[in-house]
Amino acid sequence: MSEPILSVESLSVSYGRVEAVRDVSFSVPEGGMVALVGANGAGKSSVLAAVSGLMRPGKGTVRLDGRDITRWPAHRRVGAGLVLVPEGRQILGTLTVAENLALGAHRRRAQAVPAGELYELFPVLAERRDLPAGALSGGEQQMLAIARAMISRPRVVLMDEPSMGLAPKMVDEVFGVIDKIRASDVTVVLVEQNARRALRTADTGHVLETGAIAHSGPASELLKDPKVVQAYLGVE
Ligand SMILES: Nc1ncnc2c1ncn2[C@@H]1O[C@H](COP(=O)(O)OP(=O)(O)O)[C@@H](O)[C@H]1O
Ligand SMILES: [Mg+2]
């Protein structure tokens, strides 16, 4: 096996005295996709915060291509191709769609995807490129947040709850875009409360429970694991 592109070893993250993530380890092979699922408050976003450099972990190591990046600032990780699509989208509502995308290219300008190519992947954004991003629907804003990450030609994309709050049709579109990203051999770490959908898309899954990994395995097996089904998937 080749070395994983991303690995997280014994990661712990605390807010003051509250330990939100405890001894979490997982890795992703290049071009693979891992789903992190679990209840609200389980620590999923905190894991992504430590991996993307928004938070310093109390313990543990984050590696990109085997290189220890645990102490790198977030912008240096973006420059190396590790990009977060944050929870709640965080687009700049007064800037246009095109301007938001240009900001996404900023840290990796040399490799940036030409806007025309990106608009093919996100046609809804092409039509709205000169509108203020704040005028887009929730689903369109999510597309913009994903497109803003993709324009820097990332190697690893971390996505935090991309389907949250979206209508079913937009959820389908978001997962459709995730499929296309995967098809382009970009490595994906997907955090979702929509556990069933996430596990259907990913190769490997990890279930977080109060900050620690409670179940791990091939996503197809987690989908059949009675304990996981009962606690996180329920009946369809
Ligand atoms: N900024 C913060 N300050 C204090 N506690 C926080 C903060 N953010 C998250 N937490 C706590 O950390 C735990 C994990 O939260 P989070 O990583 O956001 O979980 P998830 O993304 O799985 O919903 C929760 O108990 C949450 O209340
Ligand atoms: Mg979260």
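In the predicted model, Asp172 is partly exposed, with a relative accessible area of 43%. The residue takes part in a salt bridge with Arg197, in which the closest N and O atoms are 3.0 Å apart. Because Arg197 belongs to helix α8 (residues 195-201) and Asp172 to helix α7, the pair ties together parts that are 25 residues apart in sequence. Arg197 is likewise assigned to the partly exposed class, its relative accessible area being 27%.

Helix α7 also holds a salt bridge within its own length. Glu173 and Lys169, both in helix α7, are four residues apart, about one turn of the helix. Their closest N and O atoms are separated by 3.3 Å. The two partners fall on either side of the 50% limit above which a residue is called exposed: Glu173 counts as partly exposed at 32% relative accessibility, whereas Lys169 counts as exposed at 58%.

Side chains of opposite charge can pair when their charged atoms come close. In the whole structure, eight salt bridges were found. One further pair is formed by the side chains of Glu9 and Arg63, with an N to O distance of 3.1 Å. This pair links distant parts of the chain, since Glu9 is located in strand β1 (residues 6-15) and Arg63 in strand β4 (residues 59-64), 54 residues apart. Glu9 has a relative accessible area of 30% and is therefore partly exposed; for Arg63, the corresponding value of 26% leads to the assignment partly exposed. In addition, a network of salt bridges links Glu30, Asp65 and Arg155.

The surroundings of ligand 1 were examined next. Ligand 1 is surrounded by Tyr15, Ala20, Ala39, Asn40, Gly41, Ala42, Gly43, Lys44, Ser45 and Ser46. Polar atoms of several of these residues approach the ligand. An oxygen atom of ligand 1 lies 2.7 Å from a polar backbone atom of Gly41, and an oxygen atom of the ligand is found 2.8 Å from a polar side-chain atom of Lys44. On the side of Tyr15, an N or O atom of the side chain is 3.5 Å from a nitrogen atom of ligand 1.

Rolling a probe the size of a water molecule over the atoms shows where empty space is left. The largest pocket has a volume of about 520 Å³. Its lining consists of 21 residues, of which Val78, Val83, Leu84, Pro86 and Arg148 are the closest to the centre. Two or more lining residues are given by each of the elements α2 (74-79), β6 (82-85), α3 (97-105) and α6 (138-150). Among the contributors, β6 provides the largest share, with four residues. By class, the lining of the largest pocket comprises 12 nonpolar, seven polar and two charged residues.

The second largest pocket encloses about 210 Å³ of space. The residues that line this pocket are Val113, Glu117, Leu118, Leu121, Met150, Arg153, Pro154, Lys180, Ile181, Ser184 and Val186. At least two of the lining residues come from each of α4 (115-121) and α7 (168-183), and the largest share, three residues, is supplied by α4. The lining of the second largest pocket divides into seven nonpolar, one polar and three charged residues.

Arg153, one of the residues lining the second largest pocket, also stands out in its backbone geometry. Its phi is near 50 degrees, a positive value in a residue other than glycine. Arg153 is positioned in the loop between α6 and β7 (156-160) and is partly exposed, with a relative accessible area of 39%. A positive phi, about 40 degrees, is also found for Thr210, which is not a glycine. Thr210 occupies the loop between β9 (204-209) and β10 (212-218). With a relative accessible area of 61%, Thr210 is exposed.

Methods: Residues numbered from 1 in each chain as written. Chains lettered and ligands numbered in written order. Predicted model: local features only at pLDDT ≥ 70, side-chain atom pairs only at ≥ 80, totals over all residues. Heavy atoms only, no water. 1 Å grid on protein atoms, 1.4 Å probe; cavity = no way out; pocket = protein on both sides within 12 Å on 5 of 7 lines; lining within 4 Å. Points joined across faces, edges and corners; volume = space filled by probe spheres on them. Nonpolar A, V, L, I, M, F, W, Y, C, P; charged D, E, K, R; others polar. Buried < 20%, exposed > 50% of the residue type's maximum accessible area, 1.4 Å probe, protein only. Salt bridge = Lys/Arg side-chain N within 4 Å of Asp/Glu carboxyl O. Near = heavy atom within 4 Å. Polar contact = N/O pair within 3.5 Å; in protein donor to acceptor, adjacent residues only side chain to side chain.
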